[in-house]
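Please look through the model shown here, with attention to how charged side chains pair and how one helix is packed. The paragraphs that follow go from one to the other.

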Amino acid sequence: MSRRQVQAPCVASCSDFGFYRPQLCRSRPCRRRVSGDLTPRDFLAIRSRLRKDRDYWELVEAGESVLLQAQELVQQTNVRTLDAIHLASAMIFKSESRLTIPFITGDTKQRDAAHLLGFTVIWVE
């Protein structure tokens, strides 16, 4: 599920930097750029770093167990669908690997849900 609705100021600002797809305008760097918390120079540096890092990303399909767990999380907590998928993925990884991993987020609702689920949370501002 993807939201296609964005506020006009974000679209204008993001398109100036090459972000034409509305879902990308909802990203934290863009929101911070629009609000003035992020300078144009820093925004471009982040965008450049992400482009370089993409070569090292591996696309992992969310399996049925992740989606079922995410569906439960949406109903039980106050998180959005994509946040629930991230949390469910971390939960399943933690369970199957038996590793204690921190949950890193800059999203308040996601942080609160991760705490409720027993994760050690690393907060990113």
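Arg 49 is exposed, because its relative accessible area of 54% lies over the 50% cut-off. In this predicted model, the side chain of Arg 49 meets that of Asp 53 in a salt bridge with an N to O distance of 3.2 Å, and Asp 53, at 24% relative accessibility, counts as partly exposed. The two residues are four apart in helix H4, which means that about one helical turn separates them. Helix H4 also holds Leu 50, which is partly exposed at 35% relative accessibility and which, with Ile 46, Tyr 56 and Trp 57, makes a nonpolar surface patch of about 470 Å².

Side chains of opposite charge can pair when their charged atoms come close. The count of salt bridges comes to four, and one of them joins Arg 80 to Asp 107, with the closest N and O atoms 2.5 Å apart. This pair links distant parts of the chain, since Arg 80 sits in the loop between H5 and H6 while Asp 107 sits in the loop between E1 and H7, 27 residues apart. Arg 80 is partly exposed, with a relative accessible area of 38%, whereas Asp 107 is buried, because its value of 19% falls under the 20% cut-off. Arg 80 and Asp 107 are also linked with Asp 83 in a network of salt bridges.

Asp 107 has a further role in the geometry of helix H7, for it caps the N-terminal end of that helix through a side-chain oxygen lying 3.1 Å from the backbone nitrogen of Lys 109. Which residues of helix H7, spanning residues 108-116, are buried? They are Gln 110, Ala 113 and Ala 114, and, seen down the axis of H7, they fall within an arc of 100°, so they line one face of the helix. What covers these buried residues includes helix H6 (81-97), strand E1 (103-105) and strand E2 (121-123).

Gln 110 itself has a relative accessible area of 6% and is therefore buried. Its side chain is joined to that of Thr 105 by a polar contact of 2.5 Å, and, leaving aside residues up to four places away in sequence, Gln 110 touches Val 79, Asp 83, His 86, Leu 87, Phe 103 and Thr 105. Another salt bridge is formed by the side chains of Asp 112 and Arg 111, at 3.2 Å from N to O; Asp 112 is partly exposed at 37%, and Arg 111 counts as partly exposed at 24%. Just after H7, Gly 118 takes a positive phi of about 90°.

Terms used. Residues numbered from 1 in each chain as written. Predicted model: local features only at pLDDT ≥ 70, side-chain atom pairs only at ≥ 80, totals over all residues. Heavy atoms only, no water. Patch = residues over 30% accessible without salt bridge, like charges linked within 9 Å, V, L, I, M, F, W, Y side chains within 5 Å. Areas by Shrake-Rupley, 256 points an atom, 1.4 Å probe, with all protein chains shown as cover. Buried < 20%, exposed > 50% of the residue type's maximum accessible area, 1.4 Å probe, protein only. Arc of directions from axis to C-beta. Contact = heavy atoms within 4.5 Å. Polar contact = N/O pair within 3.5 Å; in protein donor to acceptor, adjacent residues only side chain to side chain.
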